[in-house]
Amino acid sequence: MDLNLLREFDLLARHLNFSRTAQELNLTQPTLSRHIVQLEEELGVQLFRRDRQSVSLTEAGALFLKEAGAVLARYDAACRRLQEYRDGMAGSLILGYRWTYGSGPWPGLLQKFREAYPLISVRLVSFQQGESLVEALEDGMLDAAVGLCTGEALPSTLQGVTLCPVPLLAAVGEGHPLAGRASVTPAELARERLLVPQSRGSVAFPALMNQLFHSCRVSPAVTYTGERLEAALLRVQLDDQVALLPRCYYPDTPQPGLRAIQVTGTTGLFRLAALARADTPNPAVGLFLRLCRAEVKQQHMAQLSSPE
């Protein structure tokens, strides 16, 4: 059935006036009359009673009006949803993150994205240490991700927005001589037994640590481990080692028996970034990255305007 016939019927049933309805539809009155007859023949029932003075709905017409209105409403709603999808205002976004990223700006960004685009369904996928966010993006398992990056440029297959710098922390046991310090230099850490947790396929920790200590002209003893973060922090407590890790890898909640100290001179070593494939076909990804850029710019302008 032609939906235009339904619309003409619906409007005529509400106006009960052929002349007014034809004018509103930009049709001639004979054309409208012909279309209504065509619809009645197609349905096999009379929808209107007509005489020279009035037009009224038949019992069948009144019944059909209710159903026709529902069909038109559903069709119009489907068209709106499709238009919103084409415009990137609806759809879905599969967003990966690592469980230790609870701090920082990204939870607030996610909330603002949901408020700005309520028709976009967001599914969060938590990745543990040892699982690669980058590989999941490249394999198409994720639409976007919030991940730890270094100061190096992203590969050509990815695009991203830097959310914030991530400081390097030294985690020590509460009985360690450094436990009372607010900060420590790389040169001071060179005298300690250092433990560096690393994740497969993400940040090249050995190269970064070598770069950091080489710039300070020291060569500490560093053990790199792929064990879970909880196990590495337990070794810190039991073996009196010092674990070096980005701030976003350290738990947000206070850790009994541990202290976290900021390592000076490591600004720019790590950064938290929103990432996506460069060739992503999902319009929701572009909206997410655009919101990230706008928020970062707003924060930067606020910092510039704040009094020292």
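This talk goes through helix packing, salt bridges and two single residues in a predicted model.

I will start at the N terminus, with helices 1, 2 and 3. Two packed helices are described by the angle between their axes and the distance between the axes. I will give both for each pair.

Take helix 1, residues 3-15, and helix 2, residues 18-25. Their axes are 9 Å apart, and the packing angle is about 140 degrees. Helix 1 and helix 2 are therefore oblique to each other. The handedness of the crossing, with helix 1 passing helix 2, is right-handed. On the helix 1 side, the contact is made by Glu 8, Leu 11, Leu 12 and His 15. On the helix 2 side, Phe 18, Arg 20, Thr 21, Glu 24 and Leu 25 take part. Sorted by class, the residues of this contact of helix 1 with helix 2 are four nonpolar, two polar and three charged.

Next, helix 1 against helix 3. Here the axes come within 10 Å and cross at roughly 110 degrees. That angle makes helix 1 roughly perpendicular to helix 3. From helix 1, the residues are Leu 5, Glu 8, Phe 9 and Leu 12. They meet Leu 32, His 35, Ile 36, Gln 38, Leu 39 and Glu 42 in helix 3. The contact of helix 1 with helix 3 has six nonpolar, two polar and two charged residues. If you are following on the structure, Glu 8 and Leu 12 of helix 1 are listed in the contact with helix 2 and also in the contact with helix 3.

The remaining pair here is helix 2 with helix 3. Their axes come within 9 Å, crossing at roughly 100 degrees. Helix 2 is thus roughly perpendicular to helix 3. Helix 2 contributes Phe 18, Ser 19, Thr 21, Ala 22 and Leu 25, and helix 3 contributes Gln 29, Leu 32, Ser 33 and Ile 36. How many charged residues does the contact of helix 2 with helix 3 have? It has no charged residues; the classes are five nonpolar and four polar.

One residue of helix 3 deserves a separate look, namely His 35. Is His 35 buried or exposed? His 35 is buried, at a relative accessible area of 18%, and the cut-off for buried is under 20%. Apart from neighbours within four places in sequence, His 35 is in contact with Leu 5, Glu 8 and Leu 27. Leu 5 and Glu 8 belong to helix 1.

Now to the salt bridges. Side chains of opposite charge can pair when their charged atoms come close. The count for this model is seven salt bridges, and I will describe three pairs.

The pair I begin with is Glu 40 and Arg 50, whose side chains meet at 3.1 Å, N to O. Glu 40 lies in helix 3, residues 29-43, and Arg 50 in strand 1, residues 48-50, so this pair ties together parts that are ten residues apart in sequence. Glu 40 is buried, with a relative accessible area of 10%, while Arg 50 is partly exposed at 38%.

The next pair is Lys 112 and Glu 295, where the closest N and O atoms are 2.7 Å apart. What does this salt bridge tie together? Lys 112 is in helix 5, residues 106-116, and Glu 295 is in helix 10, residues 283-305, so the parts joined are 183 residues apart in sequence. Lys 112 counts as partly exposed, at 38% relative accessibility. Glu 295 is buried, at 13%.

The last pair I will describe is Arg 277 with Asp 279, in a salt bridge of 3.0 Å, N to O. Arg 277 is partly exposed, with a relative accessible area of 24%. Asp 279, at 54%, counts as exposed.

To finish, one residue in a strand. Leu 169 sits in strand 7, residues 168-173. Leu 169 is buried, with a relative accessible area of 7%. Which residues is Leu 169 in contact with, leaving aside its neighbours within four places in sequence? Ala 243, Leu 244, Leu 245, Arg 247 and Tyr 250 are among them, and the list continues with Ala 260, Ile 261, Gln 262 and Val 263. As for Val 184, the C-alpha atoms of Leu 169 and Val 184 are 9.1 Å apart in space, and the two residues are 15 residues apart in sequence.

Definitions and conventions: Residues numbered from 1 in each chain as written. Predicted model: local features only at pLDDT ≥ 70, side-chain atom pairs only at ≥ 80, totals over all residues. Heavy atoms only, no water. Salt bridge = Lys/Arg side-chain N within 4 Å of Asp/Glu carboxyl O. Helix = DSSP H or I, 4+ residues; strand = E, 2+ residues; numbered from the N terminus. Buried < 20%, exposed > 50% of the residue type's maximum accessible area, 1.4 Å probe, protein only. Axes fitted to C-alpha atoms, helices over the stretch in contact; angles between N-to-C directions. Parallel < 35°, antiparallel > 145°, perpendicular 65-115°, else oblique. Left-handed = near helix turned anticlockwise from the far one by under 90°. Contact = heavy atoms within 4.5 Å. Nonpolar A, V, L, I, M, F, W, Y, C, P; charged D, E, K, R; others polar.
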